[in-house]
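Student: Could we go through this protein together, one piece at a time? I would like to learn how to read it.

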Amino acid sequence: MSATSHSPVFLHHNDLQQLLQILQHDGYTCIGPQVRDGVIHYDHIDTVEQLPRGYGQHQQPGHYQLEPAGHDRYFAWANGPQALKPWLFSPREALWQCQAGEDKLAFEQVAAEDDPLAVFGVRACDIAALYLHDKHFLQQTHRDPGYRSRRQNLLLVAVNCSHPAETCFCASTGDGPEVHYGHDLVLSELSEGFIVQAHTEKGLSILARLPAETASQSRIAAAQASSRAAAEQQGRRLPSQDLQAALFANLDHPRWEDIARRCLSCGNCTSVCPTCFCHREFDEPSLDGQTSTHYRQWDSCFNQGHSYIHGITLRAETRLRYRQWLTHKLGSWHQQYGRSGCVGCGRCISWCPVGIDLTAEASLICTGSEA
Ligand code: SF4
Ligand code: SF4
C-alpha cells in the first residue's frame, strides 16, 4: 500500500494523546500550539492538555483577540503571529567560530542541532512557506547546513483549517485552507474527533499504531465540507492579474506615499511573515581576543540600515522600504523562486499596528480599486 492510497481513519478526541505518545516514543521532540501571552504560540508540548482546546480568535487589520470558541475542538482557530519559521530559520544562530592560534586563525563551522522535531498542528499556508524557504536555503550552489539538518529531521502533523480568520486569504493564493503536500499526517477535525490521513511512509507507520477505525463516508464528507466552507468564508484576496508586471509598472504611484504616512517602519509584518528571510550577519569577538563567533540574525527590509551599502542608504524613506517589500514579495519573487512570496496567511495584516492590509494596497496600486 502506498502512503497516499490508504483509507482515511477516524481518531476519537480522547485518543489524540496516543498520537503524541507515538511521536515521543519514536524519538521526536514535539512542538505544538498553546496559549501564551494572549496568543496561540508554538512551543514544546508533552501532553495534548497543553493544546488550545476550546479557543477561537478574532482577527482584523491591526487586531488579534483570543476568545472562547463555544465548543471543545482543539484546532478551531487560525494561526497566531508565530509561523513554523523560527524552528527552521532561527532568529539568531551561530554559524562559525574563529580561534586564534600562534601563527594562524582556525575557522570551524558551528554544528547545527539535529534532534528529530515533530510539529503538531501546522497549517497549509505554513507548509507552503516552508517549501519557499527550501528554495531559498537549499539552493543547489548555496545549501545552508543548519537549515538542511533541521529540515531533514522534521516531521509534520498538519491540520486542515476549519476556522480561518477574517484576515486569511490562502484560498486566493492557492496555498490553503486544505493541506495537499509536504506533511506526514494530516488531521481534519470534526466535533467528536479527527479524520486522519498519511502522506508519507513515516506517517503511515504512525497511523498504523493509532487506535483508529476506518472513517465512515459521512465523516469524510463532513471533513471535506468543512474545508470547502473555510475557503468560502475568506473575504480577502489578492488581485488575480500579473502582479509582477502591474507593480513594476506603478513604481511612481501616489499610493506608496499614502502608505508611508501610515507605516511606522516597525518591521512587525516581516517578523510574522512565514516567508520573509532577510537577515544580517555580524561577529562577536571574545574579550580576550582569542575567539570570535559569527552570527546570523533576522533583519527586516523596513530597517533603515538594511539597505546601507558603502556609505549610502539606498532606501532612506519609508515609501521606498514598503515599496521594496511589496514589489519583492508579490513581484520579483516570481523571478527568484518561480512563484509569489505570499502564501495568504494574513499575519502581516493582523499584526500591523496601524492595520495596513497588503491585499487592499496591492489592489489599489494595481487595479485602482480596493479588493
Ligand atoms: S505577506 Fe503577509 S499574508 Fe503574505 S505570507 Fe507574508 S505575512 Fe502572510
Ligand atoms: S506595514 Fe505595518 S507592520 Fe509593516 S512596517 Fe509598516 S507599520 Fe509596521
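**Reading the structure together**

Tutor: Let us start with one residue: Asp37 lies in the loop between S2 and S3. Keep in mind that this is a predicted model.

Student: Near what value is phi of Asp37?

Tutor: Asp37 sits in the loop that links S2 to S3. Its phi is positive although the residue is not a glycine. The value for Asp37 is near 55 degrees.

Student: How do S2 and S3 pair, and over how many bridges?

Tutor: Strand S2 covers residues 29–36, and strand S3 covers 39–44. As an example of their pairing, Pro33 has Tyr42 in S3 as its bridge partner. S2 and S3 pair in the antiparallel sense, over 6 bridges.

Student: Which strands are at the edges of the open sheet of 8 strands?

Tutor: Read the order of this sheet, S3-S2-S8-S11-S12-S13-S1-S14, in which the pairing is mixed. An edge strand here pairs on one side only. The edge strands are S3 and S14 (213–214).

Student: What is the order of the open sheet of 4 strands?

Tutor: Let us build it pair by pair. S6 (residues 92–100) pairs with S7 in the antiparallel sense over 5 bridges, and S6 also pairs with S16 (residues 291–298), again antiparallel, over 7 bridges. S15 and S16 run antiparallel and are joined by 7 bridges. The order is therefore S7-S6-S16-S15.

Student: Why is one side of S7 and of S15 left without a neighbour in the sheet?

Tutor: S7 (105–109) and S15 (279–285) stand at the edges of this sheet. One side of each is left without a neighbour because each has a single partner strand.

Student: Which residues stand opposite Cys98?

Tutor: Cys98 has a partner in S7, namely Phe107. In S16, Cys98 stands opposite Ser292. The names you want are Phe107 and Ser292.

Student: In the hairpin of S15 and S16, which residue takes a positive phi?

Tutor: Within the paired strands, Glu284 stands opposite Thr293 in S16. The hairpin has 5 residues between the strands. The residue with a positive phi, near 75 degrees, is Gly289.

Student: By how many degrees are neighbouring strands of the S7-S6-S16-S15 sheet turned against each other on average?

Tutor: The pairing in this sheet is antiparallel, but for the turn between neighbouring strands direction is ignored. On average, the turn is 20 degrees.

Student: Are H9 and H11 roughly parallel or roughly perpendicular to each other?

Tutor: The axes of H9 (residues 255–262) and H11 (residues 318–337) come within 8 Å and cross at roughly 110 degrees. Angles of 65 to 115 degrees count as roughly perpendicular. H9 and H11 are therefore roughly perpendicular.

Student: How many nonpolar, polar and charged residues has the contact of H9 with H11?

Tutor: H9 contributes Trp256, Glu257, Ile259 and Ala260 to the contact. H11 contributes Thr318, Arg319, Tyr322 and Arg323. By class, the contact has 4 nonpolar, 1 polar and 3 charged residues.

Student: How many charged residues has the shell around ligand 2?

Tutor: The residues around ligand 2 include Cys263, Cys266, Cys269, Phe302 and Cys352. By class, the shell has 9 nonpolar and 3 polar residues. As for charged residues, the shell has none.

Student: Which residues come nearest to ligand 1?

Tutor: There are 13 residues around ligand 1, and they divide into 8 nonpolar, 3 polar and 2 charged. Those that come nearest are Cys273, Cys342, Cys345, Arg347 and Cys348.

Student: Where is the cis peptide bond that has omega near 0 degrees?

Tutor: Look at the loop between H5 (170–173) and S12 (185–189), where Pro177 has its place. The cis peptide bond runs from Gly176 to Pro177.

Student: What radius of gyration does the protein have?

Tutor: The protein has 13 helices and 18 strands, and its C-alpha trace spans about 65 × 65 × 40 Å along the principal axes. With 371 residues, a compact globule would have a radius of gyration near 21 Å. The protein agrees with that, at 22 Å.

Methods:
Residues numbered from 1 in each chain as written. Chains lettered and ligands numbered in written order. Predicted model: local features only at pLDDT ≥ 70, side-chain atom pairs only at ≥ 80, totals over all residues. Pairing = 2+ DSSP bridges. Helix = DSSP H or I, 4+ residues; strand = E, 2+ residues; numbered from the N terminus. Axes fitted to C-alpha atoms, helices over the stretch in contact; angles between N-to-C directions. Parallel < 35°, antiparallel > 145°, perpendicular 65-115°, else oblique. Contact = placed C-beta atoms within 7 Å. Nonpolar A, V, L, I, M, F, W, Y, C, P; charged D, E, K, R; others polar. Near = placed C-beta within 6 Å. Rg over C-alpha atoms; globule rule 2.2 N^0.38 Å.
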